[in-house]
Amino acid sequence: MNCAEFQQVLPGTEKGGRSAEQELHLQSCSVCSDLVSDLDFIVREARTLQASEEPSPQVWQSIQAEIAELRSELDLIAREARALQASEEPSPAVWKSIQAEIGDWQTEMASIAAQARELQASHEPSPRVWNSLEIALREEGLIRQPQRETVPMSSRRWRLGWLVPVATAALVAFGVLLYRPTVVNQGEVAQSASPRVFHTNNQVSVKDDQELLNAVGTRSPAMRVAYENDLRDVNAYIRDAEQSAAADPNDEEVQQYLMDAYQQKNMVYQMALDRSLP
Amino acid sequence: MTDARKSRGDKLSEAEAIERAKQGDAEAFETLYHLHKRRVYSLCLRMTANTAEAEDLTQEAFLQLFRKVGTFRGESAFSTWLHRMSVNVVLMHLRKKGLPVVPLEDTFDTEEESAKKEPGAEDPRLAGSVDRLQLERAIGALPPGYRSIFVLHDVEGYEHNEIAEMVGCSIGNSKSQLHKARLKLRDLLKMSRAEKATKP
Amino acid sequence: MDYRQCATRTTLIVMLVTATVVVCQTRKEFRYTVGPHASVSVVNQYGPITVTPAPGNQVVVTAVLHSDKVEIDQSQSANRVELISHLLPGSTSDSGRVDYEVLVPPDASVSLHSSTGPLRAEKLHGDVTLEGATANVDVHDISNAHVHVKTLDGPVILSNISDGHVEITSISGNVTLDEVSGPLVQVSSNSGKILYTGDFGSGGEYSLMSHTGDIDANVASYASFDVIARSIKGRVENDFLLGPKHTPFAIKAGSAFAGTLNKAASSVKLSSFSGKIHLRKRQP
């Protein structure tokens, strides 16, 4: 090893990290050993310079002055903001007009309800139909004398009104029953707190993709290969993003990749199925 | 004054000072200033080689601290966090001045010079013949790009990967530029020693 | 002698074929009078569509049909003009080809669809929507208008676009943006490369995202932006000295960087799942 070779590798080596060949050269070459000694000296002395200087007292005075100015600006802004808030309360007239609007709305709703009842009544068959049925059913012994409904209107409305929340509750329960937690890896149920990861149902996806490619191939055989390649790319993107999302469900960035991947797939499907293009 | 609060004259610990400074406590902020002023100022001075600029930058660094102390989450040591903030303040200042923070291509090749075997009398080693003042002056005389890399690594102790990220160069570049900075410094120190020897 | 005879014969055959082709081509011209902010839509499976501005209030469409296996369905409803190349049974990519040249008022909105393209639009102030499977897309000198581009494999080149929304999606086509700025610039690519040259100006939001394609941003040193760059599996490089910036994720050197430059007027996001990201300082 000569001096040029030694000095060429010198930047990448620190003390204790030199090879035997380099050490041998150092022992035999005064130029390089002087160089290394000088550089080591420089490095040693340089560390003593850390935190060796003290700023003048004026620096702290300037900082204090700036902070004081900043604080007074912030106080002024806060005061102005409070004043603005107080000044932006609505006038009493605004509340009156809101009340008037609510009144109009209530009147309108009552009118709609009345119309609905009329409509309902108008769609009911005439009482003669029921009378005929009733007679026939009584003759056959299938019904007794019906008791007149004396349920007042309000009660009926209450029953209707009761029906809505019950229907909602039923729908929610139905939805809950339908919902199956996503199964991750070895049968663990996915954490409800984590963002939902759409695991591609591979069989469905492959089937859909095949159908799409068949449709494209039928209309434009030359394009089939291009769509096949693109579907492969976007499916790979979806797989990568899903794997990363499963590994770290809280990574917002990865969720964006997943969305981007699905949007790309959506675009491929859209372009393939665009009726304006075969 | 509650029991929880320390009276004037009692020193706050750094951790307490940080928490109080986040709430806007002026006394706590002053404690942090005095704890870290030397390190920040020395860094600014070494990087700029100018006292007035160094004081301005120290002021700017601590004002940044005042604005941002609320965002300190303790993911790293406070001193590391503050120091990194100070480095960025200095580097942005150098950039605004149009000074290179990464050394430009140099026109001289120090490796060729150093590889020469000096004929005649041998040049004594620097150790023992150069004092601290000469070293400080030599650092001040370095070109700005070399000075930044040298100060960040050899004075302040940053690793090459950290320097590369801060100044926007590769790790290999940081290592090679540091080596050149040291070689340049060596030359400056030798010249300074020679000048001192010739003075009456 | 033999050589000369051969050359002469070849020349004659070429001339005959060209003449045949020319004879079979049909040139058609359509003119429509429109009001301000007209909407022009051209759907053409095979063949180029070029849109350029012209003064006045007319849309002039010149179409060259390469055979009788394709016809043009054209219609105008008020300010909306629509042309569709209708492929007849037995048509192929050659026989079904139509070459369109469209002149529009500069404020017209334009929508072009083609499989093979290429698609070109220039010097317009109305919204431009281009969609092509393998079509080359070339859009330049558009201002104060939105530009939407979708391709599967076709490369996309946008230059001198300003003051509008730019949204580009390409699966494997390379996307090149040269001096493109605006309030929103979004590029999504799968395996295609994204190359940006400009200054991330206008205080806009820029998002360049890819799956495996590399992202290269060549940016002027005077640019003003705050940037988050991250590659899950690829490498990131940065030529700039950036100011500090808080990020919601831990910065892993070599895989991510974040920071601000100058006054951080624009917001820039460079994301690649496994491609390489490089934020380069543009040389003056």
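## Parallel pairs around β3 of chain C

In chain C, strand β3 (residues 49-53) and strand β7 (residues 98-104) run parallel and are joined by 5 bridges. Across this pairing, C:Thr50 stands opposite C:Glu101 in β7(C). The model described here is predicted.

Strand β3(C) also pairs with strand β9 (residues 119-122) of chain C. That pairing is parallel too, over 3 bridges. C:Thr50 appears again here: its bridge partner in β9(C) is C:Arg120.

## The open sheet of chain C

Chain C also holds an open sheet of 12 strands with mixed pairing. Its order is β5-β6-β2-β8-β10-β12-β14-β16-β18-β23-β20-β22. Which strands form the edges? They are β5 (70-77) and β22 (256-261) of chain C, each of which pairs on one side only. From one strand to the next, the twist averages 5°.

A helix from another chain packs on this sheet: α10(A). This helix touches β10 (128-132), β12 (147-151), β14 (165-170), β16 (184-189), β18 (205-210), β20 (225-231) and β23 (266-272) of chain C. The direction of α10(A) makes about 75° with that of β16(C).

## Strand β6 and its neighbours

In the order of the sheet, β6(C) sits between β5(C) and β2(C). With β5(C), the pairing is antiparallel and runs over 8 bridges. C:Asp73 has C:Ile84 of β6(C) as its bridge partner. The two strands form a hairpin with 2 residues between them. In the turn, C:Ala78 has a positive phi of about 55°.

On the other side, β6 (residues 80-87) pairs with β2 (residues 39-44) of chain C. This pairing is parallel, over 5 bridges. C:Val40 stands opposite C:Val81 in β6(C). C:Val42 stands opposite C:Leu83 in β6(C).

Which side chains of β6(C) are buried? In a regular strand the side chains alternate between the two faces of the sheet. Strand β6(C) shows this alternation. C:Val81, C:Leu83, C:Ser85 and C:Leu87 point to one face and are buried. C:Arg80, C:Glu82, C:Ile84 and C:His86 point to the other face and are not buried.

## Where chain A meets chain C

How many residues of chain A are in contact with chain C? There are 23, and they meet 27 residues of chain C. Two helices of chain A, α9 (221-247) and α10 (252-273), each supply at least two residues to this side. Helix α9(A) gives the most, with 10 residues.

By class, the side of chain A that touches chain C has 12 nonpolar, 4 polar and 7 charged residues.

## Chain B, built from helices

Chain B has 9 helices and 0 strands. Along the sequence, its pattern reads α-α-α-α-α-α-α-α-α. The chain has 200 residues, and buried residues make up 40% of them. Take the contacts in chain B between residues at least 6 apart in sequence: 66% join residues at least 24 apart.

Helix α9 of chain B covers residues 171-198, a run of 28 residues. How does its length compare with what is expected? At 1.5 Å a residue, the helix should span 40 Å. Its end C-alpha atoms are 41 Å apart, which agrees.

The buried residues of α9(B) include B:Ser174, B:Gln177 and B:Leu178. Also buried are B:Lys180, B:Ala181, B:Arg182, B:Leu183, B:Lys184, B:Leu185, B:Arg186 and B:Leu189.

Key: Residues numbered from 1 in each chain as written. Chains lettered and ligands numbered in written order. Predicted model: local features only at pLDDT ≥ 70, side-chain atom pairs only at ≥ 80, totals over all residues. Helix = DSSP H or I, 4+ residues; strand = E, 2+ residues; numbered from the N terminus. Expected span 1.5 Å × (residues − 1). Buried ≥ 20, exposed ≤ 12 C-beta atoms within 10 Å, placed from the backbone. Contact = placed C-beta atoms within 7 Å. Nonpolar A, V, L, I, M, F, W, Y, C, P; charged D, E, K, R; others polar. Pairing = 2+ DSSP bridges. Axes fitted to C-alpha atoms, helices over the stretch in contact; angles between N-to-C directions.
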